[in-house]
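I opened the notebook with a plain aim: to look up a few helices, strands and enclosed spaces, and to write down what each look-up returned.

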Amino acid sequence: MEDRQRKVRIWLKPANLDDEQRRRQKEQVKHTNAWFLAHSSFQDWLEGTTRLLWAIGKPGCGKSILASSIVAHLHSQGLQSLKFFFNSKLGTRLDAGPLGLVRSFLAQIMCIDSALVHTLHTLYQRSSSEEAASFDTLWEVFRDWCSSREQPLYCIIDALDKGLEMSEGPDDFLTTLFITFKECEMVRIVILSRPNHKLEEHMCQDLESTMDPVEPLSFSEGPDTETANTADSAFHTLTTQILIAENQVRSDIDIYVTDQVKRTPKLKAWISQADIDNLCARAEGMFLW
């Protein structure tokens with residue numbers, strides 16, 4: 001079995017997401033992102049009241065570190081989860097795009113369910129190439145496995161908007177993703193992305209609902225949660241949105257800047273608390289600033 005799993009893993013060539021997860025966790029400052037993990041919409045998602053949670057934020061607001069925090073939280077709770085971070089640095093365009101996602105998901109599932117090794121090894125033996133099978137073939141295996149789940153499976157997909165940019169057929173990919181999600185009741189997904197009209201349109205079309213508009217959104221004022229509006233109560237329990245706005249991450253940015261100042265002797269000597277407060281106010285909800 002171990003030899004089969006090794007051969008299949010080499011064939012799949014999944015991205016090394018564990019190293020990326022460790023790097024992100026190392027960058028995270030303690031106590032940040034606690035607001036998101038305590039959010040009622042996130043708790044509803046954990047409990048299965050809603051099955052798709054869309055966390056929307058502008059560039060530089062900390063979505064990547066938030067994604068790794070969600071992964072770590074699920075692991076600490078002993079919950080089975082899959083992760084994928086769309087990132088152009090992961091390798092080739094295929095590694096970082098939709099094919100990279102399904103390759104990575106299947107490689108992670110092999111650690112959860114050894115029975116999948118046999119299915120994938122059969123595909124590997126039938127393959128005439130050292131390259132893994134097509135996206136459609138691998139996704140069918142993933143969908144079939146998810147449809148038989150009796151326990152919740154949590155999927156974290158970070159920077160889906162970047163994944164669409166790296167996809168040769170973004171519309172087909174989104175349709176496949178959401179139809180699978182809709183059909184597999186035990187699968188729960190967190191999507192983190194920038195505001196994206198194509199993503200919004202497919203949620204409306206493939207999940208048969210009318211979502212609140214994603215743009216324009218105020219990232220500094222207003223309520224902290226944007227939730228799908230629909231008369232269909234069944235869909236209302238299916239998906240929800242959390243807007244990563246300035247008022248949520250303000251305290252996290254304060255924690256982050258204070259930590260960086262304390263870690264740097266020269267900054268610690270030169271920068272006062274008033275300076276820190278001014279820096280945080282000018283950040284406008286952006287760690288990147």
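**Entry 1: two buried positions**

I began with V102, which I found in helix α7; the model I am reading is a predicted one. V102 counts as buried, because its relative accessible area is 0% and the cut-off for buried is under 20%. I then looked up its separation from V141, and the C-alpha atoms of these two residues, which are 39 residues apart along the chain, are separated by 9.5 Å.

My second position was C61, which sits in the loop between β1 (52-56) and α5. C61 is also buried, with a relative accessible area of 3%. Its C-alpha atom is separated by 8.3 Å from that of E246, although the two residues are 185 residues apart along the chain.

**Entry 2: helix α14**

E246 led me to α14 (246-263), and I checked its length first. At 1.5 Å a residue, its 18 residues should span 26 Å, and I found the end C-alpha atoms 25 Å apart, which agrees. I noted E246, Q248, V249, D252, I253, V257, T258, D259 and V261 as the buried residues of α14.

**Entry 3: helix α11**

I repeated the length check on helix α11 (residues 170-183), where 14 residues at 1.5 Å each should span 20 Å; the end C-alpha atoms are 20 Å apart, which agrees. I then listed the buried residues of α11, which are P170, F173, L174, L177, F178, T180 and F181. These cover an arc of only 160° around the axis, which puts them on the same side of α11. The spacing fits a general point, that an α-helix has 3.6 residues a turn, so residues three or four places apart point the same way. On the face of α11 turned away from the buried side I found the exposed residues D172 and E183.

**Entry 4: strand β3 and its neighbours**

How many of the residues of strand β3 (residues 153-158) are buried? I counted 6 of the 6, so the strand is largely enclosed by the rest of the structure. L153, C155 and I157 point one way from β3, while Y154, I156 and D158 point the other way, and all are buried.

I next looked up what β3 pairs with. Strand β2 (residues 81-85) pairs with β3 in the parallel sense over 5 bridges, and S81 stands opposite Y154. Strand β4 (residues 187-193) also pairs with β3 in the parallel sense, over 6 bridges, and there the bridge partner of D158 is L192.

**Entry 5: the cavities**

I then searched for enclosed space, and the structure holds 2 cavities of 30 Å³ or more. The largest cavity has a volume of about 70 Å³, and its lining is made of F105, W139, F142, C146, C155, I157, L177, T180, F181, C184, V187 and I189. The elements that give two or more residues to this lining are α9 (135-147), β3, α11 and β4. By class I recorded 11 nonpolar, 1 polar and no charged residues in the lining of the largest cavity.

The second largest cavity has a volume of about 40 Å³. Of the 10 residues that line it, N33, C61, G62, I244 and V249 are the closest to its centre. α5 and α14 each supply at least two residues of the lining of this second cavity, and its residues divide into 6 nonpolar, 2 polar and 2 charged.

**Entry 6: the second largest pocket**

My last look-up was an open space, the second largest pocket, in which about 490 Å³ of space lies. Which of its lining residues lie nearest the centre of this pocket? Of the 22 residues in the lining, they are D18, V71, S81, K83 and Q108. At least two residues of the lining come from each of α2 (17-27), α5 (63-76), β2 and α7 (98-112). α7, the helix that holds V102, gives the most to the lining of this pocket, with 5 residues. By class I noted 10 nonpolar, 8 polar and 4 charged residues in the lining of the second largest pocket.

Conventions
Residues numbered from 1 in each chain as written. Predicted model: local features only at pLDDT ≥ 70, side-chain atom pairs only at ≥ 80, totals over all residues. Heavy atoms only, no water. Helix = DSSP H or I, 4+ residues; strand = E, 2+ residues; numbered from the N terminus. Expected span 1.5 Å × (residues − 1). Buried < 20%, exposed > 50% of the residue type's maximum accessible area, 1.4 Å probe, protein only. Arc of directions from axis to C-beta. Pairing = 2+ DSSP bridges. 1 Å grid on protein atoms, 1.4 Å probe; cavity = no way out; pocket = protein on both sides within 12 Å on 5 of 7 lines; lining within 4 Å. Points joined across faces, edges and corners; volume = space filled by probe spheres on them. Nonpolar A, V, L, I, M, F, W, Y, C, P; charged D, E, K, R; others polar.
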